[in-house]
Amino acid sequence: MSQFEPDMFESGMEASDAELDALFAAVREPNEADAGAAERFLAGHRTRLAEARSLQAQPVATAARPLWPTRAKPTKWIAAALASAAVIAGVSVLRPALMSADLPASAAYAVYQDALGEGW
């Protein structure tokens, strides 16, 4: 149900700017098929809106509430994990400061000192 003729799209045919402008103007003009498609879409949209409104208007069934409400306890492990991460970070930062300043000379340090001299 095309509004174009098949011979219009042959590979050897070249269109001028005026022909292309006329073609694009014809495509942009609304026709009966466009109006029918819009009406079908709007009818479906109105039906979906009416169904959504009817679902919202229905009363919500509530479950029986316990006499003593319980609090959510899964959040306690988050606090414990953050606290332990803080302790580990603090120990790793403070550990070099707690060590003595006089470190034993390693074998590599002795080799560098012998090869390059004092104060390399």
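**Surface and secondary structure of a predicted model**

Arg46 is partly exposed in the predicted model, with a relative accessible area of 49%. The side chain of Arg46 meets that of Glu39 in a salt bridge, at a distance of 3.8 Å from N to O. This contact is counted because the distance lies within the 4 Å cut-off between a side-chain nitrogen of Lys or Arg and a carboxyl oxygen of Asp or Glu. Glu39, the partner of Arg46, is likewise partly exposed, its relative accessible area being 46%. Side chains of opposite charge can pair when their charged atoms come close. Under the criterion applied, the count for the model is one salt bridge.

The secondary structure consists of four helices and zero strands. Read from the N terminus, the order of elements is α-α-α-α. Helix α3 spans residues 76–98 and includes Trp77.

With regard to solvent accessibility, 0% of the 120 residues of the protein are classed as buried. The exposed area of the protein amounts to about 11600 Å², of which 63% is supplied by carbon and sulfur atoms. A nonpolar patch on the surface is formed by Trp77, Ile78 and Leu82, which together have about 370 Å² of accessible area. Within this patch, Trp77 has a relative accessibility of 59% and therefore counts as exposed, the threshold being over 50%.

Methods
Residues are numbered from 1 along each chain as its sequence is written. This is a predicted model: local features need pLDDT of at least 70, side-chain atom pairs count only at pLDDT 80 or more; totals for chains, interfaces and linings use all residues. Side-chain values use heavy atoms; hydrogens and water are left out. Buried means under 20% relative accessible area, exposed over 50%, partly exposed in between (1.4 Å probe, protein chains only). Helices (H or I, at least four residues) and strands (E, at least two) are DSSP runs, numbered from the N terminus. Accessible areas come from the Shrake-Rupley method with a 1.4 Å probe; for residues, only the protein chains shown count as cover. Patches are made of residues with over 30% relative accessible area and no salt bridge: like charges are joined within 9 Å, nonpolar side chains (Val, Leu, Ile, Met, Phe, Trp, Tyr) within 5 Å.
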